[in-house]
Number of protein chains: 2
Amino acid sequence: MYRTRTCGDLRLADEGLVITLAGWVQKTRKMGGMTFVDIRDRYGITQLVFNQEVDAALCEKANKLGREYVIQVTGTVRERSSKNPNIPTGEIEIIVSDLNILNAAVTPPFTIEDETDGGDDLRMKYRYLDLRRNAVRKNLELRHKMAFEVRNYLDKQGFLEVETPVLVNSTPEGARDFVVPSRMNPGQFYALPQSPQTLKQLLMVSGFDRYFQIVKCFRDEDLRADRQPEFTQIDCEMSFVEQEDVLNIFEGMAKHLFKTIRGVEIKEAFPRMTWHDAMKYYGSDKPDLRFGMKFVELMDIMKGHGFSVFDGAAYIGGICAEGAATYTRKQLDALTEFVKRPQIGAKGMVYARVEADGNVKSSVDKFYTQEVLQQMKEAFGAKPGDLILILSGDDAMKTRKQLCELRLEVAGQLGLRDKNKFACLWVIDFPLFEWSEEDQRFYAMHHPFTSPKPEDIPLLDSDTGAVRANAYDMVINGVEVGGGSIRIHDSKLQDKMFQLLGFTEEKAQERFGFLMNAFKYGAPPHGGLAYGLDRWVSLFAGLDSIRDCIAFPKNNSGRDVMLDAPGQLDDSQLEELCLKVDIKE
Amino acid sequence: MYRTRTCGDLRLADEGLVITLAGWVQKTRKMGGMTFVDIRDRYGITQLVFNQEVDAALCEKANKLGREYVIQVTGTVRERSSKNPNIPTGEIEIIVSDLNILNAAVTPPFTIEDETDGGDDLRMKYRYLDLRRNAVRKNLELRHKMAFEVRNYLDKQGFLEVETPVLVNSTPEGARDFVVPSRMNPGQFYALPQSPQTLKQLLMVSGFDRYFQIVKCFRDEDLRADRQPEFTQIDCEMSFVEQEDVLNIFEGMAKHLFKTIRGVEIKEAFPRMTWHDAMKYYGSDKPDLRFGMKFVELMDIMKGHGFSVFDGAAYIGGICAEGAATYTRKQLDALTEFVKRPQIGAKGMVYARVEADGNVKSSVDKFYTQEVLQQMKEAFGAKPGDLILILSGDDAMKTRKQLCELRLEVAGQLGLRDKNKFACLWVIDFPLFEWSEEDQRFYAMHHPFTSPKPEDIPLLDSDTGAVRANAYDMVINGVEVGGGSIRIHDSKLQDKMFQLLGFTEEKAQERFGFLMNAFKYGAPPHGGLAYGLDRWVSLFAGLDSIRDCIAFPKNNSGRDVMLDAPGQLDDSQLEELCLKVDIKE
């Protein structure tokens, strides 16, 4: 045994105990004839004391310890004279009687502190050192705990975790697959799953009734801050359920996680919002409801008064920022610049302050009477001190998305996007189809197995774009943490879907034949959803990027710079796989 | 809601309740004016009753139900007149008032019964139907429960589950890797992990202290009954531990699983056997200790009596099968044939029966006096009615392996390999190296990071082959369920290992550079082990092949015949990956 206790668990009550600890040297400092060493392990930090007068040789040895040396010490727990209230072990220290250097360490390329001096690239290359930092390790501890509590909850609800294969076949209608050449089947390839969607549906056909899996999924897409080529899903499916059953079970899971992980008891039901309302009032299918600033449409009030920008607009809408009339001209100009950025694309912004006397002062006063401006104020329910911001445009949907960006920006500036406050909701009634102007065809908004709302089935032919799906997303703080749908279990309806999506019968058979075939043998009504574990952990941990909750993430070129992967293969490996690399310049 | 109860939970106490069930039609039968339908879901089977006289139309609808139709029924729970004691719901039946066909089903290609008429190939192709069978589903339920209890135990012991990447780099010194071409890094490949060995060691360098992961691993090897290209490991690692600490924690885990999964409380410590003794007494590094028949060596007794086969042998050894003197000549001939099979390779077998009067009658009586045979009898401690079986050969290790096969065969014939009896042990003190005659070099028996026993370090140069490792396997009923080692944390010792394994410094740097580099920054003493989850589940489920505890296994050509994977890629996919298929005839 290398240790009898850990560096995090000694307290005043342990005074007098002789203990052995093992860990890393966090720092050393000399003071008078004493040497103090902070020893660190996963559990905490404990102060060690060496006294020059008591044991000069031992103290000398301690003086030579470098940062990150791995040591083992034996000593006696003693009350500290100058206590450190910031750490749980801050009331005690160890009078060391024996010091054993288990491993020396060269100087790390950055400091192992919460606030480190290492840049992103350096920390990725030495990820194993970055993971020593408390701040990073805590994220992975949280991740462990979340996955553990997900399993606890789902097991209690009768879900079985079933492992589905990683070496599968290519799935259509999604992102690009990662593929794996098969040596035993020359010229053929497996694909890594983008999700176990079809396999979990087969498990429902098998009568598994309630399935889940915390599972790695893979997409060969260009990367962004919140995307990784491999990511982890909490994948779930249930049989003999309607949408309401699924929402109940998984709202329960979310509440269980809030309670066990964040210590927050949520009693009320999550609000539900149709996709249509989410777009209309927040310009987003994942509205952040930690704060208000719901969109107000102003076409009736603001059109026809001679302000050509508004008069020619297909959409005029705005938000009211409570108490933000204090915004200076400079701040308002910055907001205007913000919405005019190419990635947002608005042409300009109109603003109006409600003054102390109730009068409205706007940037377009010359076009509007105070009477009209008062009508506008009423529409927002604005009070003295409030700031109204208005956008307009040719395309209602585009303008709403711009207004959404503005709303989030202003909320951020006003401190309304508090990482320790949580607002959950279900967005429901998504459209079943998305029209692609480019391809002149419909695509499935979720995937081709999503069922239409029964009452909209008659519209499939007559008004395809208007058909709503039995599909739902769980949104927390403007982040889509999960989403799913009730699936089609009727093979005739499934055929109809494939037809509307432009699949020939042959193509549908080629791509989904095995699933369609399986459905002939008695498919139960079923539905489910999948959560993005990485995103949810990031949200609970208050992180800006999912990378920080992944032990060994990849960079934006899909490289693991620590492992230096991917890499070259030997010619013999390629030959065995019947492959040739063929790079065209 | 499609149902108010499941098909497995109604009892006599529920009599009179009006309930709704949903599930699959297991079978229908008509008797008098009644139709009985068994409805099945994951939870059980319930009998439904339709009465021609009460509701002729409803009864007619029931008569038309085919096997595996998906139905929903509402009705009243009633006590059965002829009860079925074989199923938990056997005391009740449902008087159906409403029947709703949720989905029709074509006739399945084999019967969905515990004893099915479907052959292996058919059941693999229609795996989703095979999974409907109680016998198969139970294995996956067991698998879920085992993984769940593994996590419960390890979480309580302070282990953190950390997900390591699936897209990594190629690992040397192992089996063949599966590789994944990188589109973003043309001409380069990721590899799928054969195990997260180096990553978990990096996590120890990171101070994670106690890590585990239930994780998919991949090996591109030719397949056998208990091998799959993807398999699942319970992968574990601990810091600041010696071998004893690791054995304690994981013996505790095994006992926890025996208790929670099999209901067996094991109080005693698992026996420990050195690799040397395992080979000497059982001819195997994974002895099956459910029964005795320990090898007895007979060179001293049996040599030099004129029986040339024994006189020229390097090894003579045997086993004593209690009470097996009843074996007929025919049975003994069959055993002789068994050991002479090419895959076993013995030249012949000598047998001896202990008769009721204590005399020994052997197949080599003409060479041995009764006195010598009595000495032999004493060596085995054989009693009247026992059967002694002896093999000999030029190579002690080879002969022991043959004797091992014979021991297992005889034990099987005598019913001593009871699937409901469990014998656990640790095999310890494995050799650190294996000598390859072919390559004229040493290989690491486990992997290059396994540490030698400290007392054997002086032998590294002088007697390399004799160095024992701090390595251990957990063996249950002759199956190696897990194994691991204490790792080298001293970079000088690691350099020495690489040198003994014939790596040039350059090659070692190229292959393991990042790990060796990491170790310079303060590596703690650490060690761990990995369990094969598939094997362990198979063992607990009493299965002969790991395939039966995997939801969607692959066949011996590495194909998923249900998904029809692997498959061809489109030319455009290959082009994007800068690859050409190049099959040489």
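**Entry 1. The two copies**

I superposed chain B on chain A and obtained a rotation of 180 degrees with 0.0 Å of shift along its axis, at an RMSD of 0.1 Å. The two copies are therefore related as by a two-fold rotation axis. I note that the model is a predicted one. I then looked up the interface: 100% of the interface residues of chain B are also interface residues in chain A, so the copies meet through the same surface.

**Entry 2. The annotated binding site in chain A**

I consulted the UniProt record, an unreviewed entry, for "binding site". The record lists A:Arg219, A:Asp220, A:Glu221, A:Gln228, A:Glu480, A:Gly532, A:Leu533, A:Asp534 and A:Arg535. I followed two of these positions, A:Gln228 and A:Asp534.

I located A:Gln228 in the loop between strand E9 (210-218) and strand E10 (230-239) of chain A. Is A:Gln228 buried or exposed? Its relative accessible area is 6%, and because buried means under 20%, A:Gln228 counts as buried. Leaving aside neighbours within four places in sequence, I found A:Gln228 in contact with A:Leu223, A:Ile546, A:Arg547, A:Ile550, A:Pro553 and A:Lys554.

I placed A:Asp534 in helix H16 (residues 533-541) of chain A. This residue is buried as well, with a relative accessible area of 4%. With neighbours within four places in sequence again set aside, A:Asp534 is in contact with A:Arg143, A:Phe231, A:Thr232, A:Ile546, A:Cys549 and A:Ile550. I note that A:Ile546 and A:Ile550 appear in the contacts of A:Gln228 and in those of A:Asp534.

**Entry 3. The barrel in chain B**

I traced a closed barrel of five strands in chain B, in the order E1-E2-E3-E5-E4 and with mixed pairing. Neighbouring strands of this sheet are turned against each other by 55 degrees on average, direction ignored. Strand E1 (residues 18-31) and strand E2 (residues 34-41) of chain B run antiparallel and are joined by seven bridges. In E2(B), I found B:Ile39 opposite B:Val25.

I also examined helix H1 (residues 56-63) of chain B, which lies across E1, E2, strand E3 (44-51) and strand E5 (92-103) of that chain. Helix H1 runs at about 70 degrees to E5(B).

**Entry 4. A glycine in chain B**

I looked up B:Gly318 and found it in strand E13 (residues 315-321) of chain B. B:Gly318 counts as buried, at 0% relative accessibility. Not counting residues up to four places away in sequence, B:Gly318 touches B:Lys294, B:Phe295, B:Val296, B:Leu298, B:Phe380, B:Leu389, B:Ile390 and B:Leu403. I also checked B:Gly252, 66 residues apart from B:Gly318 along the chain: the two C-alpha atoms are separated by 35 Å.

Note on methods
Residues numbered from 1 in each chain as written. Chains lettered and ligands numbered in written order. Predicted model: local features only at pLDDT ≥ 70, side-chain atom pairs only at ≥ 80, totals over all residues. Heavy atoms only, no water. Least-squares fit on C-alpha atoms with pLDDT ≥ 70 in both. Contact = heavy atoms within 4.5 Å. UniProt positions renumbered as here; feature names shortened; annotations may be inferred. Helix = DSSP H or I, 4+ residues; strand = E, 2+ residues; numbered from the N terminus. Buried < 20%, exposed > 50% of the residue type's maximum accessible area, 1.4 Å probe, protein only. Pairing = 2+ DSSP bridges. Axes fitted to C-alpha atoms, helices over the stretch in contact; angles between N-to-C directions.
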